Amino acid sequence: MSISTMKLTFAAAGLMLAVSTGAANASYCGDGKTVTFAGIDWESGAFITEVMKTILAKGYDCLVDSIPGNSVTLEQATANNDVQIFAEEWLGRSDIWNKAVEEKKVVAIGKTFVGASEGWFVPDYVVHGDPARNLEAKAPDLKSVSQLSDPKVVEVFADPEEPSKGRFLNCPSGWTCEGVSTAKLEAYNLGEAYVNFRPGTGTALDSAITSAYLQGEPILFYYWSPTAIMGKFKLVQLEEPAYNEACWKELSSANGKREEGCAFPSVDVAYGVNSTFASEAPEIVAILEKATFPLEEVNGSLAYMVDNKVDAAAAAAEFLKTKADIWGKWVSDEARGKIEASLK
């Protein structure tokens with residue numbers, strides 16, 4: 001090989017190396033694309049969304065945004081790639097999400113948190129009383145949903161507007177849990193005995209529970225963890241028949257049979273991600289795979305929101321300022337430095 005030929009060969013190799021290096025360094029955010037999050041309106045979802053938005057924006061120079069909506073609408077938007085990340089997707093709960101998974105339009109990434117639960121609750125003082133507040137137990141034997149049909153129990157939870165019936169405080173319309181709890185009311189033959197009351201928002205749901213609790217009033221409601229409510233108040237979860245797959249399939253389907261009720265399944269919560277976005281942004285997927293929030297830290301942050309009357313963005317900033325030992329493991333050293341500098 002002549003010297004001139006060798007020079008040309010080395011030059012070509014150098015050009016190829018430069019091109020491949022540039023491709024390796026290319027990123028979703030580096031290309032100026034916006035990462036749009038689902039604007040989840042329940043406390044934990046809003047808090048986690050703000051943390052992850054800040055990490056991407058301040059640590060990786062991403063353009064970030066969020067769009068509001070109920071969970072069903074936002075799940076469909078994620079399937080359509082109008083939303084890229086649904087930060088708190090409770091897997092297996094939604095027909096919309098399950099269909100999108102089957103069609104390979106969305107994928108579940110990582111574990112947003114571990115150890116969550118959901119069910120039907122009453123304040124502890126309804127069952128055990130509260131001597132410190134001079135509250136007598138109004139349903140001292142109440143343990144199970146099977147007892148809710150007892151007329152004496154129905155009377156305990158009397159609806160203010162229809163006192164001949166009890167009131168069940170459901171999730172807001174459009175939330176997946178609202179459909180499931182509505183199906184359960186029918187499956188447990190409670191539809192005629194209880195008003196299926198749906199508050200307008202997650203905030204309204206929390207306000208109704210808080211108001212009743214502080215006044216020592218009986219209240220029957222659906223709830224879940226992690227939440228500030230679960231951390232601040234002493235509650236009793238009512239027993240249900242054991243979960244089984246066939247029962248759950250009917251309850252969680254809009255057109256399912258309502259012949260049998262059962263407990264909610266164990267909870268798997270992940271980052272719901274649009275499949276196209278996942279393939280285009282492996283560097284962001286790598287962060288999500290590591291970003292598991294300890295459940296007690298989520299509860300603590302939600303209690304911080306309530307106690308200090310601040311929004312999810314403020315709680316996220318406090319978490320990032322004080323819990324770098326947790327989130328710092330999710331990101332690169334460079335990104336951690338940039339995030340910490342942005343918080344000063």
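**Helix packing, aromatic pairs and local backbone features**

Helix H2, which spans residues 43–60, packs against helix H14, residues 312–322, with the two axes 8 Å apart and an angle of about 60° between them. This angle makes H2 oblique to H14. The crossing of H2 and H14 is right-handed. The structure described here is a predicted model.

The contact between these two helices can be followed residue by residue. H2 contributes Ala46, Phe47, Glu50, Val51, Thr54 and Ile55, and H14 contributes Ala312, Ala313, Ala315, Ala316, Phe319 and Leu320. Sorted by class, the contact of H2 with H14 comprises 10 nonpolar residues, one polar residue and one charged residue.

H2 also packs against helix H16, residues 333–342, where the axes are 8 Å apart and the angle is about 105°. Angles from 65 to 115 degrees count as roughly perpendicular, and H2 and H16 are therefore roughly perpendicular to each other. On the H2 side, the residues that meet H16 are Ile55, Lys58, Gly59 and Tyr60, while H16 presents Ala335, Lys338, Ile339 and Ser342. By class, the contact of H2 with H16 holds four nonpolar, two polar and two charged residues. Ile55 of H2 thus appears in the contact with H14 and again in the contact with H16.

Phe47, one of the H2 residues that meet H14, leads on to the aromatic residues. A pair of aromatic rings is described by the distance of the centres and the angle of the planes. In the whole structure, 19 aromatic pairs are found. The rings of Phe47 and Phe293 have centres 5.9 Å apart and planes at 70°, and since planes over 60 degrees apart count as edge-to-face, this pair is edge-to-face. The pair joins distant parts of the chain, 246 residues apart: Phe47 belongs to helix H2, whereas Phe293 sits in the loop between helix H12 (282–290) and helix H13 (295–308). Phe47 counts as buried because its relative accessibility is 0%. Phe293 likewise counts as buried, at 1% relative accessibility.

A second pair is formed by Tyr222 and Trp224, whose ring centres are 6.0 Å apart and whose planes meet at 25°, so the pair is stacked. Tyr222 and Trp224 are both buried. These two residues also belong to a cluster linked by ring pairs, which consists of Trp42, Phe86, Phe121, Trp175, Phe221, Tyr222, Tyr223, Trp224, Tyr243, Trp248 and Phe264.

Helix H7, residues 176–187, holds two further buried residues, Thr176 and Glu178. Thr176 has its place in H7 and counts as buried because its relative accessibility is 18%. Apart from residues up to four places away in sequence, Thr176 touches Ser71, Glu75, Arg93 and Ser94. Glu178 also lies in H7 and, with a relative accessible area of 13%, is buried. When neighbours within four places in sequence are left aside, the contacts of Glu178 are Asn170, Cys171, Pro172, Ser173 and Arg198.

The backbone has several local features that merit inspection. Most residues other than glycine have a negative phi, and most peptide bonds are trans. The peptide bond from Ser225 to Pro226, however, is cis, with omega near 10°. Pro226 is located in the loop between strand S8 (220–225) and helix H9 (228–232).

Two residues other than glycine have a positive phi. In Asn134, phi is about 60°. Asn134 is part of the loop between helix H5 (124–128) and helix H6 (151–156), and its relative accessible area of 71% makes it exposed. In Lys309, phi is near 50°. Lys309 occupies the loop between H13 and H14 and, at 76% relative accessibility, counts as exposed.

A last loop residue to consider is Gly32, found between helix H1 (3–25) and strand S1 (34–39). Gly32 counts as partly exposed because its relative accessibility is 42%. Although Gly32 and Leu63 are 31 residues apart in sequence, their C-alpha atoms are 7.0 Å apart in space.

Notes
Residues are numbered from 1 along each chain as its sequence is written. This is a predicted model: local features need pLDDT of at least 70, side-chain atom pairs count only at pLDDT 80 or more; totals for chains, interfaces and linings use all residues. Side-chain values use heavy atoms; hydrogens and water are left out. Axes are lines fitted to C-alpha atoms, for helices over the stretch in contact, and angles run from 0 to 180 degrees between N-to-C directions. Helices (H or I, at least four residues) and strands (E, at least two) are DSSP runs, numbered from the N terminus. Angles under 35 degrees count as roughly parallel, over 145 as roughly antiparallel, 65 to 115 as roughly perpendicular and the rest as oblique. A crossing is left-handed if the near helix is turned anticlockwise from the far one by less than a right angle, and right-handed if clockwise. Contact means heavy atoms within 4.5 Å. Ala, Val, Leu, Ile, Met, Phe, Trp, Tyr, Cys and Pro count as nonpolar, Asp, Glu, Lys and Arg as charged, and the others, Gly among them, as polar. Rings of Phe, Tyr and Trp (its six-membered ring) pair if their centres lie within 6.5 Å; planes under 30 degrees apart count as stacked, over 60 as edge-to-face and the rest as tilted. Buried means under 20% relative accessible area, exposed over 50%, partly exposed in between (1.4 Å probe, protein chains only).
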